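Me: I would like to go through this model with you one question at a time, with the reasoning set out before each result.

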Amino acid sequence: MFQGGYMGKVLRVNLTTKTVAVEDLPEKIARDYIGGAGFGVKYLFDEVPGDVDPLGPDNKLIFAPGPLSGTPAPCASRMAVTTKSPLTGAVGMSLSGGYFPVELKFAGYDVLIIEGQSETPVYLHIKDDKVAIKNAAKLWGMDTQITQTIIKQDLNDQNTRIACIGQAGENQSKMAAIINERRAFGRKGVGAVMGSKNLKAIAIRGSNKVPLANPEAFETARKFMLGAMKQSPVLYPEFSKLGTPMVVDATSAMGIFPSENYRNTGEKDYSTSIGVEASISRNKGNEHCYGCPVGCTQLKLAKGQGYEGGMSDPEYETYYSLGSVVGVESVDSIIYNDMLCDKYGLDTMSVGVTIAFAMELFERGMLTAADTNGLDLRFGNHQAVTQLIEEIAFRREGIGALLCDGSRIMADKVGGDAEYFAMHIKGLELPAYDPRGAKAHGLNFATSYTGADHNRGYAFQEVFGIPVPNAYDRFAVAGKGWLTKWNQDIRCATTDCPTMCGFLMDMAVPAIAEQNTADLVSSASGIALTKEDVGKVGERVNNLARVFNISAGFTRADDTFPKRIMDETIKEGGSRGQRISQEDLDLMLNEYYEARNWRQDGVPTQEKLTELDLPEAAVLLAARGLL
Amino acid sequence: MIMVEITTIMGLRTLMGGEKDQSLTLPDGTTVADALDQLGKIYGLALHDRIFNDAHQLNPGIAVFVNGCVIYALAGLETELQDGDAVLLFPPVGGG
């Protein structure tokens with residue numbers, strides 16, 4: 001049926017009944033959703049009710065690479081995993097690169113759907129059309145690195161690609177990640193869902209090639225993109241040599257690198273202690289994802305302060321979450337603690353921000369040594385961060401149990417005024433950009449279908465000053481609703497669905513991203529897509545995800561910011577004087593909903609759903625009396 | 001005369017004597033282009049050529065902000081600077 005790009009098959013594994021089924025991938029789904037996040041949101045919407053218990057047997061884990069994954073398209077190494085998030089209760093979608101994602105394509109599948117719940121620990125072994133559910137009793141309790149080593153030994157196949165959970169996923173921490181090699185499907189507690197299913201790992205080995213419908217046209221599109229990458233002012237040598245840690249210096253200079261639980265963003269310059277200059281001195285080389293000529297991942301070895309031997313590859317976000325937001329100025333502790341999070345299978349971002357929340361409560365006397373198992377939780381205590389990561393991973397009684405399900409649940413447990421200091425949106429902890437100094441970037445956090453998620457609509461216009469499609473004053477409110485819709489739709493359509501590394505869109509082809517995607521996907525798959533079709537896919541996915549979230553109970557009131565962001569003004573630095581008032585938020589939200597042709601209560605209109613060919617979403621809203 | 005605060009990071013900082021922040025005293029009516037030219041005179045061609053192309057436009061990826069606002073959202077290189085303005089000069093940066 002498909003001429004290329006797609007393998008044409010959906011693999012469905014039920015862990016309750018221990019059954020395996022292979023289905024055809026409908027061409028309409030491929031055309032309307034492209035792949036990756038699009039497939040994830042579509043199958044989630046069709047198969048998982050919005051009110052399902054995220055950690056119960058009726059939730060599903062949907063793994064989906066895209067039509068470019070496994071082809072020679074540059075930087076198309078990625079895969080989305082989609083589920084109902086136990087951390088947020090909304091769509092939980094997380095992407096990872098590396099080598100595991102393309103292996104699913106090589107095994108012959110475009111989608112892997114895990115459903116049900118095993119009574120005992122198992123792992124899944126996929127070797128082309130041979131699919132086995134194997135006993136994982138002996139693996140239970142092992143960390144992510146040992147798990148991968150043991151499975152490779154047991155299968156007698158060192159080239160098997162593995163995604164697995166560590167102890168955090170087993171203990172169903174709502175901040176648990178799924179780790180593949182050293183990369184992570186990090187956010188939204190996807191590892192807890194895997195743990196709830198007693199699924200320790202997925203091991204894949206494939207022997208197929210991804211066919212190309214029109215190899216000549218594909219080669220032309222591929223060469224064009226490689227040429228654009230070479231012309232990029234950022235990719236070579238800067239990004240290849242420095243990776244995402246360079247952003248610490250940029251956001252620090254702009255006054256949007258958050259510190260100490262956002263209470264003093266801009267007041268202390270963390271770039272001097274944990275900026276690119278400090279971290280590059282720990283470099284031991286870089287790593288590449290499948291098919292990526294850039295290799296932005298910077299492998300670092302800790303040097304001192306008791307962290308010798310710690311080796312990891314912290315990204316920009318981790319310099320914030322295990323650094324500035326917890327008041328830590330030690331690069332070595334960041335490297336070591338990043339390694340620990342990978343080992344136990346934890347999202348560094350949610351973990352760090354939740355620890356920052358606990359530190360603020362401790363300094364304010366809202367938590368005492370009796371609550372913290374005697375730990376001194378003052379900002380800057382990196383040894384305490386190390387200890388807390390272990391407490392969280394093992395859900396240990398006391399402080400571990402208090403923190404391990406993230407900031408929102410912790411705020412509920414502490415009660416009183418604690419919520420004021422909890423830096424999350426829809427339950428997802430904030431990424432490393434103070435929204436007060438980058439309003440569209442912030443509005444994306446407030447409206448993204450996954451909660452406070454920078455990757456669903458990155459405002460490179462504000463953070464890097466790139467004037468595409470237009471130049472924007474990052475402090476201004478007007479125009480940010482429209483811009484946020486543009487960023488969310490284009491990001492979804494050109495990176496999350498095909499699937500392609502998001503950095504490439506910003507740095508190589510920002511002005512022509514939709515055409516670039518249309519050319520690559522059309523020539524790979526034989527499905528003729530225009531750039532307008534591609535843009536529509538982004539809009540369709542964002543609308544369908546919105547309706548899923550409405551069915552999960554979310555409303556306009558959830559499209560908001562933590563109270564601190566709205567009540568307090570940044571006092572120092574490059575964003576001094578900035579805040580987001582309720583009036584600012586209302587103006588931006590009104591404009592955003594208008595740009596999306598949604599009602600002012602945040603519900604998509606019949607007209608929009610008809611335009612996007614989403615009758616299933618209209619039926620759901622009508623049944624709730626919302627259309 | 002006006003005094004403006006210039007801040008830069010990473011590679012550009014190296015080309016500007018290693019200082020992250022510095023003050024420049026400039027004539028009234030100075031534009032962003034004038035201020036960057038002045039920096040080129042102080043620190044030499046290596047800096048000038050890193051900032052400007054042959055057509056005296058900003059090289060790709062170089063971003064300039066005045067008081068936090070990218071100059072493309074103002075009057076570009078012709079943006080007139082005022083006393084006390086903060087100018088932030090970025091080399092190509094991306095990722096995150």
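Me: In this predicted model, which helices are included in what covers the buried residues of helix 8 of chain A?
Reply: The buried residues of helix 8, which spans residues 235-242 of chain A, are Leu235(A), Glu238(A), Phe239(A) and Leu242(A). They cover an arc of only 125° around the axis, so they sit on the same side of helix 8 of chain A. What covers these buried residues includes helix 7 (215-231), helix 9 (246-254), helix 11 (276-280) and helix 21 (502-507) of chain A.

Me: Which peptide bond is cis with its proline in helix 8 of chain A?
Reply: Most peptide bonds are trans, so a cis bond deserves a closer look. Pro237(A) lies in helix 8 of chain A, and the bond leading into Pro237(A) has an omega near -5°. The cis bond in question is therefore the one from Tyr236(A) to Pro237(A).

Me: What phi does Gly243(A) take, just after helix 8 of chain A?
Reply: Gly243(A) is placed just after helix 8 of chain A. Its phi is positive, with a value of about 65°.

Me: Where does the proline of the cis bond from Val468(A) lie?
Reply: The bond from Val468(A) to Pro469(A) is cis, with omega near -5°. Pro469(A) is found in a loop of chain A, namely the one between helix 19 (460-463) and helix 20 (480-496).

Me: How many residues of the side of chain A that touches chain B come from helix 9 of chain A?
Reply: The contact takes 29 residues from chain A and 20 residues from chain B. Helix 8, helix 9 and helix 21 of chain A each supply at least two residues of the side of chain A that touches chain B. By class, that side has 19 nonpolar, 5 polar and 5 charged residues. Its largest share comes from helix 9 of chain A, with 6 residues.

Me: Is Asn261(A) buried or exposed?
Reply: Asn261(A) lies in the loop between helix 9 and helix 10 (271-274) of chain A, and its phi is near 55°, a positive value in a residue other than glycine. Because 28 other C-beta atoms lie within 10 Å of Asn261(A), this residue counts as buried.

Me: Is Glu181(A) buried or exposed?
Reply: Glu181(A) has a phi near 55°, again a positive value in a residue other than glycine, and its place is in the loop between strand 10 (178-180) and strand 11 (183-185) of chain A. The cut-off for burial is 20 or more other C-beta atoms within 10 Å. Since Glu181(A) has 20 C-beta neighbours inside 10 Å, it counts as buried.

Me: Which residues are in contact with Pro72(A), leaving aside its neighbours within four places in sequence?
Reply: Pro72(A) lies in the loop between strand 3 (61-65) and strand 4 (79-84) of chain A. With 15 C-beta neighbours inside 10 Å, Pro72(A) counts as partly exposed. Apart from neighbours within four places in sequence, its contacts are Arg222(A) and Gly291(A).

Me: What is the radius of gyration of chain B?
Reply: The elements of chain B, 3 helices and 5 strands, run β-α-β-α-α-β-β-β from the N terminus on. Along its principal axes the C-alpha trace of chain B spans about 35 × 30 × 30 Å. A compact globule of 96 residues would have a radius of gyration near 12 Å, and chain B agrees with this, at 12 Å.

Key: Residues are numbered from 1 along each chain as its sequence is written. Chains are lettered from A and ligands numbered from 1 in the order in which they are written. This is a predicted model: local features need pLDDT of at least 70, side-chain atom pairs count only at pLDDT 80 or more; totals for chains, interfaces and linings use all residues. Helices (H or I, at least four residues) and strands (E, at least two) are DSSP runs, numbered from the N terminus. The radius of gyration is taken over C-alpha atoms; the globule rule is 2.2 Å times the number of residues to the power 0.38. A residue is buried if 20 or more other C-beta atoms lie within 10 Å of its own, exposed if 12 or fewer, and partly exposed in between; C-beta atoms are placed from the backbone. Two residues are in contact if their C-beta atoms, placed from the backbone, lie within 7 Å. The arc is that of the directions from the helix axis to the C-beta atoms. Ala, Val, Leu, Ile, Met, Phe, Trp, Tyr, Cys and Pro count as nonpolar, Asp, Glu, Lys and Arg as charged, and the others, Gly among them, as polar.
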